[in-house]
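Load the model, switch to a cartoon view and keep the selection tool at hand. The stops below can be taken in order.

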Amino acid sequence: MTRRERYTLLALWFCLGLLPLLVRPLWEPDEGRYAEIPREMLATGDWLTPRLNGVLYFEKPPLQYWLSAISMKLFGVNGAAARLPLALASALILWAAWRLAKRLGARQPLWASFMAATGLLAFLVGQTLTLDALFSAFLVAALAAFVEAVVQRREGRDGLAWTLAAFTFLAGAMLTKGLAQVILMGGILVFSLPFAWKDAGLRRAVLRTAFDPLGWLLYLVATVPWFWLVDRANPGHAQFFFIHEHFTRFLTHEHSRQGSNNWLLDKLYFVGILGVGLLPWLSATVVGLQRSWAFLRGRGPRGQNHVARWTVGILVVAFLWPLAFFSLSGSKLPPYILPVLVPLAALACVFERDGEELRALRRTGKELALLGGVFLLAAVVFRKDLAGSGWMLALAAAFIGLGAWAHRPKGLTGPRLMAALGAGLWLLVVGAQAAAGPGKSVATLVRQAPPQARWISYGTYFQGLPFYARTRTVVVAGTGELAYGRDRLPDPGAWFEEDPAALGTVADRLKAEDPARPVLVLAKTALWKQLGAEEKAGWEEVARNPAAVIARRR
């Protein structure tokens with residue numbers, strides 16, 4: 001890596017991967033959940049067993065929780081600190097895209113990193129506190145390290161350092177989100193073998209790397225202890241995590257996360273997500289895939305280079321296999337498809353040809369204008385629901401203007417395009433918070449309440465409520481994903497009540513238990529409006545935002 005490449009990657013990471021994490025509060029529901037679990041680790045001192053609102057929460061392994069807890073220990077209990085593990089994810093994604101493009105001889109591999117960081121889906125997921133960004137980062141970093149290990153072994157070197165790096169990244173993915181990385185990486189390696197089969201040395205390098213005993217030993221040493229210890233401390237964890245959270249989720253619609261109730265639309269769900277999420281690089285990735293296919297069929301000057309052919313092949317498979325796997329799954333959310341973006345960016349960058357920069361730039365300009373049109377449509381359609389639709393209009397104007405500049409690129413250089421698109425994405429962060437943030441976060445509401453209050457989450461479990469209130473909450477008519485932990489409490493009735501009509505009764509019980517502490521409820525605005533006049537008479541409204549209401553028991 002040259003000094004220029006290093007400084008450019010550092011600037012991209014700092015501006016697009018780090019700073020945007022610091023500018024807004026946690027949004028409901030996911031960010032509150034993935035900040036509260038590590039906060040409770042800090043509060044209880046128990047770093048082995050994940051808990052959410054004081055109950056066992058075994059849906060995911062603990063690595064990102066640990067990273068967020070360490071960050072909050074160092075920088076304070078706040079949303080920005082909880083999000084900092086996403087900066088590690090961004091760094092790994094930028095590096096993996098550059099490394100893969102560099103391996104295949106791209107003229108400007110930095111553009112692969114820029115594309116991987118600035119596609120609409122990649123940027124949005126990279127700023128949102130879920131597990132998907134870090135999981136995907138570990139997976140694509142493992143892919144890049146695996147490719148380097150195979151190439152080194154094919155060239156007669158041992159490739160051990162890269163092999164151990166690949167298994168370390170896979171262990172990180174396992175400890176972030178579970179078994180999906182085994183299925184995804186295993187499928188990628190198996191389906192890449194036909195591209196290496198004609199070269200015996202290359203084939204042996206692939207198999208030796210995949211089955212390296214030291215690599216597997218490192219992987220097992222890194223992953224097995226936590227799963228063994230947590231199941232020993234909490235019998236039943238293994239059955240819930242490995243069976244319910246993997247096989248049941250994949251094979252059924254139990255979590256109601258299908259893409260559509262229509263079978264065909266459900267299976268095409270991620271095609272639609274990529275169609276929007278790859279903007280403004282959709283056409284570049286389509287062209288890259290077309291040329292990759294031609295290359296794999298033996299066309300082009302490097303068609304008989306077995307190492308290059310296998311490397312292109314494994315990147316194509318790294319797109320097709322996750323797409324097929326998640327499309328077949330009964331559980332679908334947009335961030336699941338994130339691992340395919342780095343291989344697509346690398347292929348698009350590798351197969352860009354000399355002399356076609358202007359044409360490619362104009363295609364990108366059309367997509368930027370289209371993206372601006374999407375924001376304009378959103379500002380019009382959702383104008384009644386958005387607190388700051390003017391920001392959305394400004395965002396639309398910025399992207400349409402940038403698209404027009406790219407279409408007629410007078411004075412538009414590569415660095416200027418990077419800077420302009422980065423500024424547009426920063427405007428997206430600020431505009432999203434201004435337009436949707438007031439209804440997506442409970443931070444402002446909770447901070448207006450007395451610090452010693454006892455809380456009720458009514459109608460749903462507000463994930464950010466215990467994080468900002470720094471206390472456990474009673475849940476009325478909204479147990480949801482907390483059911484597993486609730487059923488293992490010695491006194492579930494003290495913290496959970498499923499009858500919505502019992503709100504007043506629960507509030508009076510809490511008030512009687514500790515008369516010195518006020519009792520507050522946080523409820524969705526629409527649900528609060530449905531309460532009868534007699535029930536509302538027992539409450540004094542304290543504050544509200546577009547989505548929620550806080551009231552105090554009289």
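The tour covers a sheet, a helix that crosses it, and a surface patch; the model is a predicted one.

**Stop 1: the sheet**

Select strands E3 to E8. They form an open sheet of six strands, with mixed pairing, and reading across gives the order E5-E4-E3-E6-E8-E7. Go next to its edges: residues 496-497 are strand E5 and residues 539-544 are strand E7, and each has a single partner strand, so one side of each is left without a neighbour in the sheet.

**Stop 2: one strand pair**

Select residues 454-458, strand E3, together with residues 474-476, strand E4. The two pair in the parallel sense, over three bridges. Show side chains for Tyr458 and Val476: Tyr458 stands opposite Val476, which belongs to E4.

**Stop 3: the helix across the sheet**

Add residues 503-513, helix H26. Helix H26 lies across E3, E4 and E5, and also across E6 (519-524), E7 and E8 (548-553). Relative to E3, helix H26 runs at about 170 degrees.

**Stop 4: the nonpolar patch**

Switch to a surface view and select Leu376, Leu377, Val380, Val381, Phe382, Leu393 and Ile400. Together they make a nonpolar surface patch of about 600 Å². Which helices each supply at least two residues of this patch? Helix H19 (357-381) and helix H20 (389-407) do. H19 gives the largest share, four residues.

Finish on Val380, which sits in helix H19. Is Val380 buried or exposed? Neither term fits: Val380 is partly exposed, because its relative accessible area is 41%, and partly exposed covers the range between under 20% (buried) and over 50% (exposed).

Notes
Residues are numbered from 1 along each chain as its sequence is written. This is a predicted model: local features need pLDDT of at least 70, side-chain atom pairs count only at pLDDT 80 or more; totals for chains, interfaces and linings use all residues. Side-chain values use heavy atoms; hydrogens and water are left out. Two strands pair if DSSP finds at least two bridges between them. Contact means heavy atoms within 4.5 Å. Axes are lines fitted to C-alpha atoms, for helices over the stretch in contact, and angles run from 0 to 180 degrees between N-to-C directions. Patches are made of residues with over 30% relative accessible area and no salt bridge: like charges are joined within 9 Å, nonpolar side chains (Val, Leu, Ile, Met, Phe, Trp, Tyr) within 5 Å. Accessible areas come from the Shrake-Rupley method with a 1.4 Å probe; for residues, only the protein chains shown count as cover. A salt bridge is a side-chain nitrogen of Lys or Arg within 4 Å of a carboxyl oxygen of Asp or Glu. Buried means under 20% relative accessible area, exposed over 50%, partly exposed in between (1.4 Å probe, protein chains only).
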